[in-house]
Amino acid sequence: MPKIVSARVIVTCPGRNFVTLKIECDDGTTGLGDATLNGRELSVASYLTDHVVPCLIGRDAHRIEDVWQYLYKGAYWRRGPVTMAAIAAVDTALWDIKGKLAGMPVYQLLGGAARDACMVYAHANGTTIEDTIAVAKAEQAKGYKAIRLQCGVPGLASTYGVAKHGARYEPADADLPSESVWSTEKYLRVVPELFKAAREAMGWDVHLLHDIHHRLTPIEAGRLGKALEPYNLFWIEDPTPAENQEAFKLIRHHTTTPIAVGEVFNSIWDAKDLIQNQLIDYIRATVVHAGGITHLRRIASFADLYQIRTGCHGATDLSPVAMAAALHFGLSVPNFGVQEHMPHTDETDAVFPHAYSFDDGMMHPGEAPGLGVDIDEDLAATYDYKRAYLPVARLEDGTLCNW
């Protein structure tokens, strides 16, 4: 058996923070797992170093399911974003090791390819509707068949999903949480106009998506979904906070626009009611936030019973290790829908050389054994951790928003 002899956490910041677990076996085989939790990275690093790594030494690296159950059930304090990100890192690294020892890419170990490649969606954002559409058409010209549209809201200084001053969009934007002002009324006026203009400019042969980012009440979300029906969106994402899953019944009663949710979910229990009551159309849980490849496959299999597809979160707060794992997962599951794709910076790609590739709106994980991703530890060591928080928002009267 391949016995685990070491496991260590690597924290690096090539433009943004990433936490990576590297596991090594007695025969020298290594595996990588992403443990990045945006804005709380060091919490997972500590959880791994102080509580998980000591439990891994001497274990059989092939016993992926047993290790997963041991870390999940043995801790007693189950679930939660920190615990599940740590478990995900171990799980993903063990799949990487298994693939390398088998001489096969991970997707082959998951049953082989269920499609030729994974459709991915791009991000297009701008301060105005016109700016957003110009970016979207540029992404369309690159071959993207699905594009998420976000635009600035007149009267608001900043808006979720919209970059400032032409820079790359990065949600974690300050070493202490920045605060912005939000107006639902102003937002609801501009979004239908954005998609009306987009269809006029881009036609109907491209999938259009929009992220509400939990910012509406159920009835407001239902009203927006209804207003967007003439523009045939691929989905609206996170229309309302999902803690109260009954709320999605109200949204369903008012609109046929497809709903995606789950990037903040960390277990199958978070999604259980939404899936079995068919209140959503796409589940957005990720490899790194939802317990790794092993647990994400369970979520996908459960969703498949109800004709719900996957649409995994894939922003740049996940490292290339997570992107590779997502593509192996996406290539193999029968109910794949789409994969989010925000290209990493050149600095990040240099730290994490990888085999996955993009072509004409599709991505493939490659044929390298394991995940097909490595880490240049010497280069990673040159990028020190930088504290970064996600922003918070308040209503115009100063009330902290409920998301």
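In helix 10, the buried residues (buried is under 20% relative accessible area, exposed over 50%, partly exposed in between, with a 1.4 Å probe and protein chains only) are Gly292, Ile293, Thr294, His295, Leu296, Ile299, Ala300, Phe302 and Ala303. Bear in mind that this is a predicted model, where local features need pLDDT of at least 70 and side-chain atom pairs count only at pLDDT 80 or more, while totals for chains, interfaces and linings use all residues. Residues are numbered from 1 along each chain as its sequence is written, and side-chain values use heavy atoms, with hydrogens and water left out.

Helices here (H or I, at least four residues) and strands (E, at least two) are DSSP runs, numbered from the N terminus. Helix 10 covers residues 292-304, so 13 residues, and its first and last C-alpha atoms are 18 Å apart, close to the expected 18 Å at 1.5 Å a residue; that expected span is 1.5 Å times one less than the number of residues.

His295 sits in this helix and counts as buried at 5% relative accessibility. Its contacts (heavy atoms within 4.5 Å), leaving out residues up to four places away in sequence, are Trp68, Met84, Asn266, Ser267, Ile268 and Ala290. Met84 is 211 residues from His295 in sequence, yet their C-alpha atoms are 9.7 Å apart.

Now for the rings. Rings of Phe, Tyr and Trp (its six-membered ring) pair if their centres lie within 6.5 Å; planes under 30 degrees apart count as stacked, over 60 as edge-to-face and the rest as tilted. The whole structure has 10 aromatic pairs. Trp68 and Tyr72 are stacked, because their ring centres are 4.9 Å apart and their planes are at 20°. These two are 4 residues apart in helix 2 (residues 64-74), which puts about one helical turn between Trp68 and Tyr72, and both are buried. Tyr144 and Phe358 make a tilted pair, 4.7 Å centre to centre with 35° between the planes. Tyr144 is in the loop between helix 5 and strand 5 and Phe358 is in strand 13, so the pair ties together parts 214 residues apart in sequence. Tyr121, Phe234, Trp235 and Tyr282 form one aromatic cluster.

What about charges? A salt bridge is a side-chain nitrogen of Lys or Arg within 4 Å of a carboxyl oxygen of Asp or Glu, and the count comes to 20. Here are some of them:

| Pair | Closest N to O |
|---|---|
| Arg79 and Asp270 | 3.0 Å |
| Arg284 and Glu237 | 2.8 Å |
| Glu246 and Lys249 | 3.3 Å |

Arg79, in the loop between helix 2 and helix 3, and Asp270, in helix 9, are 191 residues apart. Arg79 is partly exposed at 31% relative accessible area, whereas Asp270 is buried at 16%. Arg284 and Glu237 are both buried, and they belong to a salt-bridge network with Glu263 and Glu340. Glu246 is exposed at 51% relative accessibility, and Lys249 is partly exposed at 31%.

Last, the inside. A nonpolar core is a set of buried Ala, Val, Leu, Ile, Met, Phe, Trp, Tyr and Cys residues joined through side-chain atoms within 4.5 Å. The largest one has 113 residues, and Ile23 and Val90 have the most contacts inside it. Helix 3 (residues 81-102) gives the largest share of this core, 10 residues. Apart from this core lies another of 9 residues, among them Met119, Ala146, Leu209 and Trp235.
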